[in-house]
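Trainee: Please take a close look at one part of this model, the nonpolar patch on the surface, and set it in the context of the whole chain.

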Amino acid sequence: MNETMLAVFENLSAGVSLALMGICGIGLLARLTRVIRGQETADGMANSYGNTPGRTLFCVAGMALISRLLLYALAYAMYRLLGVGGGGFLASFRPLWIHWDTRHYIGIAQEGYTAVGDERLRLVFFPLYPLLMRLASPLTGGDVFAAGIVISLLCASLSAALLYDLACMHFGRETAALSVAYFLLSPLSVFLCCAYTEALFICLTLAAVCLLRHSRPWLAALCGMGSALTRMPGVIIAGLMIIALIGRISERRASARDVLACAGQVALVFAGLAVYWGINYAVTGDPMTYMTYQRENWFQEPGTFWQSTANTMHYFLTTVGDGDWLFTWGFQLLCMMGIYALLAFSQRLLPFDLAAYSFVYVSVVLAPTWLLSGPRYLYALCALPLLKARLPMGRRGHALALGMSLVLLVIWVFGYTIAVDVL
């Protein structure tokens with residue numbers, strides 16, 4: 001493809017993404033006006049279905065855990081049937097499930113951060129998850145990797161239960177069950193099985209949202225702090241505190257004390273990021289060293305989601321036939337355009353605060369100038385399964401969508417555990 005046509009497609013993709021997000025933004029501004037006027041509740045709890053029984057949540061968590069164990073069994077079956085290796089299940093587990101970022105988290109858990117050698121680059125990874133790995137390692141005989149797996153499995157199970165509770169209180173049991181199905185059958189849910197931060201981040205974010213629904217804003221802010229200590233987008237939870245205050249002001253239930261409390265809750269969320277900056281300063285003398293490492297070694301700088309869309313289109317068109325063409329750039333482009341369209345035309349299906357959170361989250365996580373893990377970042381958007389479940393596709397439509405997700409999940413399990421080493 002010549003340079004002119006390539007530029008046309010890049011600009012077209014950027015323009016489409018900007019237009020779709022613009023439509024979403026205009027819709028959210030209109031809804032904000034309704035919230036301020038008291039015509040819509042900020043959290044959508046005016047017609048709540050009530051609390052979910054604890055027994056039901058326990059069953060949902062158990063189903064989530066079983067689903068992850070089945071993926072471990074699937075990976076091992078592939079390992080044996082394809083002749084990749086001949087060891088037993090436990091002997092094969094580490095080579096199958098330790099790849100990419102997992103090695104960095106293990107290194108941080110074992111050795112901490114440093115300012116020298118290649119290990120200095122670990123500073124770009126946030127500290128809460130490896131800290132929990134280290135703290136939990138005595139329970140796994142000192143094996144920090146096993147501790148990370150246990151943490152991810154527990155957080156994945158809790159996330160499923162929290163998602164069910166959130167969806168159930170807003171839309172009822174059928175939508176709640178469908179939301180959990182989308183969450184667990186997503187191809188990117190393979191990362192819930194790994195020593196990655198996805199499960200912890202999603203769990204803390206959903207906990208913050210649910211605690212706000214149950215009028216526990218300080219506990220929600222504490223979860224937000226933990227989320228911000230896990231990944232940078234965790235600070236966006238602070239916006240939920242502000243939206244809750246706006247809702248109270250519109251209902252004329254807010255006082256100066258409420259405003260001060262909101263400021264304190266927002267500060268508590270951002271304290272997570274401040275701690276991470278403090279670690280950077282303590283290790284290197286510069287609180288922003290992680291940004292330098294991201295720029296020099298991963299070519300990442302703050303950018304815009306539309307430019308990242310154009311970049312993804314560029315790599316998609318210029319790497320046709322390469323090994324990472326379809327499942328890296330093609331899948332990322334599909335996910336990006338899909339979330340833009342969902343937010344543009346379906347954000348009204350979410351409570352206002354979750355819709356606004358989703359808009360900001362997508363704008364932030366898709367903004368880096370070198371974006372390679374866009375689909376994984378989007379999977380961590382806690383409202384995404386709920387939004388999918390709310391789409392008016394009918395039972396057959398949802399069944400087809402979930403069936404396709406399941407097929408892709410099998411492919412992604414193969415890709416993460418086996419193809420990364422054998423292809």
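Mentor: The protein chain has 18 helices and zero strands; helices (H or I, at least four residues) and strands (E, at least two) are DSSP runs, numbered from the N terminus. This is a predicted model, in which local features need pLDDT of at least 70 and side-chain atom pairs count only at pLDDT 80 or more, while totals for chains, interfaces and linings use all residues. Residues are numbered from 1 along each chain as its sequence is written, and side-chain values use heavy atoms, with hydrogens and water left out.

The patch on the surface consists of Met 1, Met 5, Val 8, Phe 9, Leu 12 and Val 16, with about 530 Å² of accessible area together. Areas come from the Shrake-Rupley method with a 1.4 Å probe, and for residues only the protein chains shown count as cover. Patches take residues with over 30% relative accessible area and no salt bridge, joining like charges within 9 Å and nonpolar side chains (Val, Leu, Ile, Met, Phe, Trp, Tyr) within 5 Å. A salt bridge is a side-chain nitrogen of Lys or Arg within 4 Å of a carboxyl oxygen of Asp or Glu.

One of the patch residues, Met 5, lies in helix α1 (residues 3-36). Met 5 has a relative accessible area of 38% and is therefore partly exposed, the class between buried (under 20%) and exposed (over 50%), with a 1.4 Å probe and protein chains only.

As for the whole, 51% of the 423 residues of the protein chain count as buried. The protein chain exposes about 19,100 Å², of which carbon and sulfur atoms supply 66%.
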